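Reader: I've got a model open and I'd like to learn how to read it. Can you walk me through it?

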Amino acid sequence: MMQKTISSRKVPQRTCVACREVQGKKGLVRIVRQPEGGVCIDLQGRMNGRGAYLCAKLECWQSCFTSNRLDHVLKIHIAAEERARLLAEGRSLIGGG
């Protein structure tokens, strides 16, 4: 007689857009291009819109916001003020000052 085994759920994997490191979805922060056109940080990971993931390293956040990488991934131009706001929010989230 076959015994049923408890199957473990597969952990969703995502890639940091800055360092290209693959991690579990819960270990990354999602940045979303909203349908209305704005960009925001999605702490729950459920907002509608195109998303990009960043790990909790300050270097990744800084490189992503000082280059056009996030613009390319989200397929939108992010204004300088919005970049500064998102970087400041990210720093407070990851404890980078």
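Author: We'll go through the sheet, the helices on it, the core and two single residues. Keep in mind that this is a predicted model.

Reader: Let's start with the sheet. In what order do the strands of the open sheet come?

Author: The general idea is that strands of a sheet pair through backbone hydrogen bonds, either parallel or antiparallel. Here you have an open sheet of 3 strands in the order β4-β3-β5, and the pairing is antiparallel. β4 and β5 stand at the edges with a single partner strand each, so one side of each has no neighbour in the sheet. On average, neighbouring strands are turned by 30 degrees against each other, direction ignored.

Reader: How many bridges join β3 to β5?

Author: There are 5 bridges between those two antiparallel strands. For one residue to click on, try Arg-30: its bridge partner in β5 is Tyr-53.

Reader: And the helices? Which strands does α1 lie across?

Author: α1 lies across β3, β4 and β5, and runs at about 135 degrees to β5. α3 also packs on the sheet, where it touches β3 and β4; its direction makes about 10 degrees with that of β4.

Reader: Now the core. Which residues have the most contacts inside the largest nonpolar core?

Author: In soluble globular proteins, nonpolar side chains tend to be buried together. In this model the largest nonpolar core has 22 residues, and those with the most contacts inside it are Ile-31, Leu-54, Trp-61, Phe-65, Leu-70 and Leu-74. At least two residues each come from β3, β4, β5, α1, α2 and α3. The largest share, 4 residues, is from α1.

Reader: What does Ile-31 contact beyond its neighbours within four places in sequence?

Author: Its contacts include Val-39, Ile-41, Leu-54, Trp-61, Phe-65, Leu-70 and Leu-74.

Reader: Is Ala-52 buried or exposed?

Author: Ala-52 lies in strand β5. Its relative accessible area is 3%, so it counts as buried, the cut-off being under 20%. Leaving out residues up to four places away in sequence, Ala-52 touches Val-17, Val-29, Arg-30, Ile-31, Leu-70, Val-73 and Leu-74.

Reader: For contrast, where is Leu-93 placed?

Author: Leu-93 sits in helix α3. It is partly exposed, with a relative accessible area of 42%. Not counting residues up to four places away in sequence, Leu-93 touches Val-29, Ile-41 and Leu-43. Leu-93 and Val-39 are 54 residues apart in sequence, and their C-alpha atoms are 16 Å apart in space.

Terms used
Residues are numbered from 1 along each chain as its sequence is written. This is a predicted model: local features need pLDDT of at least 70, side-chain atom pairs count only at pLDDT 80 or more; totals for chains, interfaces and linings use all residues. Side-chain values use heavy atoms; hydrogens and water are left out. A nonpolar core is a set of buried Ala, Val, Leu, Ile, Met, Phe, Trp, Tyr and Cys residues joined through side-chain atoms within 4.5 Å. Buried means under 20% relative accessible area, exposed over 50%, partly exposed in between (1.4 Å probe, protein chains only). Contact means heavy atoms within 4.5 Å. Two strands pair if DSSP finds at least two bridges between them. Axes are lines fitted to C-alpha atoms, for helices over the stretch in contact, and angles run from 0 to 180 degrees between N-to-C directions.
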